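Subject: Structure for you to look at

Dear colleague,

Here is the structure I promised to pass on, with the sequence alongside. Please open it first, and then read the notes that follow with it on your screen.

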Amino acid sequence: PYELIPTLTGTDGKFVEYDFDESGEFVPVDRPYGHNTAGLIVGAITRRTPRYPEGMTRVAMFGDPTKALGTVAEAECARVVAALDLAEKLSAPVEWFALSSGATISMESGTENMDWVSRALRRIPAPAARAPPRRRRGFSAGFRATLSAPPLRRRAVDPAPPAPPPG
C-alpha cells in the first residue's frame, strides 16, 4: 500500500502516518515504510495543486495485504475508528483503499473480532442523502427485508365483501 502514497501526494505533497503509541494515543509516527504493526495503514495526505496551492488534506486508510492478507481484527478496527476521529478533528474527508480478506476468525479471540468490526461499522458515517435505517418489527421481518428496504405495507381488510352493483 505504501506504493500508492507518491501517486496521492504528487511531487510536493506530504504523507504523515499515524499509529498508536505506547500510551494508546493516535499520533504521527516516523518510521520506514513497511514497519506498520497492523493490517491497516492510516495517514494524513496533503497534495498541492494549482487550484489549491496551500494543499488539500485528507485522511487515507490503506489495507495491507502483507499482514495476514489484510484481515480485519481489533487492531485494524481500532485504527478505523481513530482515523475517522482524526478526519473529524482535521475537518478532512476520508479515502479508504480497502484491501482485506475479511474479518479474522480465530478460536483465540472468539467473537471479540466481530465486536470490533461492529464498532468500526457503527462509526462509519452514513451518506447525508440516505435516510436513517428503519426499525425492524418482529422476528421474521429481519429475514424478509433489509434495513434499506421500504417498510412493509399491509392492506386494510374489509370485514365484509363489497355489495354487488344494483341492477
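Strand 1, which covers residues 14–20, pairs with strand 2 in the antiparallel sense, and three bridges join the two. Within this pairing, F20 stands opposite F26 of strand 2. Please keep in mind, here and in everything below, that this is a predicted model.

The pair belongs to an open sheet of five strands, whose order is 2-1-3-4-5 and whose pairing is mixed. At the edges lie strand 2, residues 26–28, and strand 5, each of which pairs on one side only. On average, and with direction ignored, neighbouring strands of this sheet are turned by 30° against each other. As general background, the strands of a sheet pair through backbone hydrogen bonds, and they may do so in a parallel or an antiparallel way.

As for the protein overall, it has four helices and five strands, and these elements run α-β-β-β-β-α-β-α-α when read from the N terminus on. Of its 167 residues, 29% count as buried, while the protein exposes about 12100 Å², of which carbon and sulfur atoms supply 58%. If one takes the contacts in the protein with a separation of 6 or more, residues 24 or more positions apart account for 65% of them.

Two places around strand 5 may be worth your time on the screen. The first is the loop between helix 2 (74–90) and strand 5 (94–97), where S91 is found. The phi of S91 is near 50°, which is a positive value in a residue other than glycine. Is S91 buried or exposed? With a relative accessibility of 68%, S91 counts as exposed, because the cut-off for that class is over 50%.

The second place is a nonpolar surface patch of about 350 Å², which is made by V94, W96, L121 and I124. Of these residues, V94 is found in strand 5, the strand that, like strand 2, forms an edge of the sheet. The relative accessible area of V94 is 33%, so V94 is classed as partly exposed, a class that lies between the buried limit of under 20% and the exposed limit of over 50%.

With best regards

Notes:
Residues are numbered from 1 along each chain as its sequence is written. This is a predicted model: local features need pLDDT of at least 70, side-chain atom pairs count only at pLDDT 80 or more; totals for chains, interfaces and linings use all residues. Side-chain values use heavy atoms; hydrogens and water are left out. Buried means under 20% relative accessible area, exposed over 50%, partly exposed in between (1.4 Å probe, protein chains only). Two strands pair if DSSP finds at least two bridges between them. Axes are lines fitted to C-alpha atoms, for helices over the stretch in contact, and angles run from 0 to 180 degrees between N-to-C directions. Patches are made of residues with over 30% relative accessible area and no salt bridge: like charges are joined within 9 Å, nonpolar side chains (Val, Leu, Ile, Met, Phe, Trp, Tyr) within 5 Å. Accessible areas come from the Shrake-Rupley method with a 1.4 Å probe; for residues, only the protein chains shown count as cover. A salt bridge is a side-chain nitrogen of Lys or Arg within 4 Å of a carboxyl oxygen of Asp or Glu. Contact means heavy atoms within 4.5 Å.
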